[in-house]
Amino acid sequence: MFVVSNRIPVAAGHEDAFAERFRFRAGLVEGHAGFLRLHILRPTELDMHGQTMGRSLYHIVLTYWERVEDFVAWTNSEDFKTAHSDRPPAEMFSGENVFELHEVIQSAEPMAFT
């Protein structure tokens, strides 16, 4: 399994507008071969032990794929072009996004108790 991470630096004051774009996204990736799931993460913070922890500068879009070739096929599809055709305004971002690709080497699920 492969995970594609797109870390996106959303400019202060644009967080809600950015999230809104995903609420109304086209939903085209779900039908592509090898697609497993999508997570869209908003940065948050936690006050713990007298320290503020966890505040990231990035929103993160994660897509999970059976094979890296499935992701590449998605990026070459007409659906990908359609899904990315409505570009947001440049002022929504505070810098360049960071693309990462990772192979899952271990995964755990919660144990079921009966």
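Visitor: How do the residues lining the largest pocket divide into nonpolar, polar and charged?

Guide: In this predicted model, 18 residues of that lining are nonpolar, nine are polar and six are charged. Ile-8, Phe-22 and Ala-83 belong to residue types that count as nonpolar, whereas Asn-6 and His-84 count as polar. These five residues lie nearest the pocket's centre, among the 33 that line the pocket.

Visitor: What makes a residue part of that lining, and which elements give two or more residues to it?

Guide: A lining residue has an atom within 4 Å of a point of the pocket. The elements giving two or more such residues are β1 (2–8), α1 (15–23), β5, α2 (68–75) and α3 (78–83). The space in the pocket comes to about 1000 Å³.

Visitor: Why is Thr-63 called buried?

Guide: Buried means under 20% relative accessible area. Thr-63 has 12% relative accessibility, and therefore counts as buried. Thr-63 is a residue of strand β5 (residues 59–65). Across the chain of 114 residues, 23% are buried.

Visitor: How do you know that the side chains of Thr-63 and Trp-65 make a polar contact?

Guide: The limit for a pair of N or O atoms is 3.5 Å. The contact between the side chains of Thr-63 and Trp-65 is 2.9 Å, so the pair falls within that limit.

Visitor: Which residues farther along the sequence does Thr-63 touch?

Guide: Not counting residues up to four places away in sequence, Thr-63 touches Phe-2, Val-3, Val-4, Phe-35, Arg-37 and Leu-38. Val-4, for its part, is in contact with Thr-63 and also with Val-61, Leu-62, Trp-65, Phe-71, Phe-99, Glu-100 and Leu-101, leaving aside its neighbours within four places.

Visitor: What makes Val-4 part of a nonpolar core?

Guide: A core joins buried residues of listed types, Val among them, through side-chain atoms within 4.5 Å. Val-4 belongs to the largest such core, together with Val-29, Phe-35, Trp-65, Phe-71 and Trp-74. Another core, of five residues, lies apart from it and includes Ile-8, Val-10, Phe-18 and Met-92. In soluble globular proteins, nonpolar side chains tend to be buried together.

Visitor: What pattern of helices and strands does the chain follow?

Guide: Along the sequence the pattern is β-α-β-β-β-β-α-α-β, made of three helices and six strands. Of the contacts with a separation of 6 or more, 77% are between residues 24 or more positions apart. The C-alpha atoms fill a box of roughly 50 × 45 × 25 Å along the principal axes.

Conventions: Residues numbered from 1 in each chain as written. Predicted model: local features only at pLDDT ≥ 70, side-chain atom pairs only at ≥ 80, totals over all residues. Heavy atoms only, no water. Buried < 20%, exposed > 50% of the residue type's maximum accessible area, 1.4 Å probe, protein only. Contact = heavy atoms within 4.5 Å. Helix = DSSP H or I, 4+ residues; strand = E, 2+ residues; numbered from the N terminus. Polar contact = N/O pair within 3.5 Å; in protein donor to acceptor, adjacent residues only side chain to side chain. 1 Å grid on protein atoms, 1.4 Å probe; cavity = no way out; pocket = protein on both sides within 12 Å on 5 of 7 lines; lining within 4 Å. Points joined across faces, edges and corners; volume = space filled by probe spheres on them.
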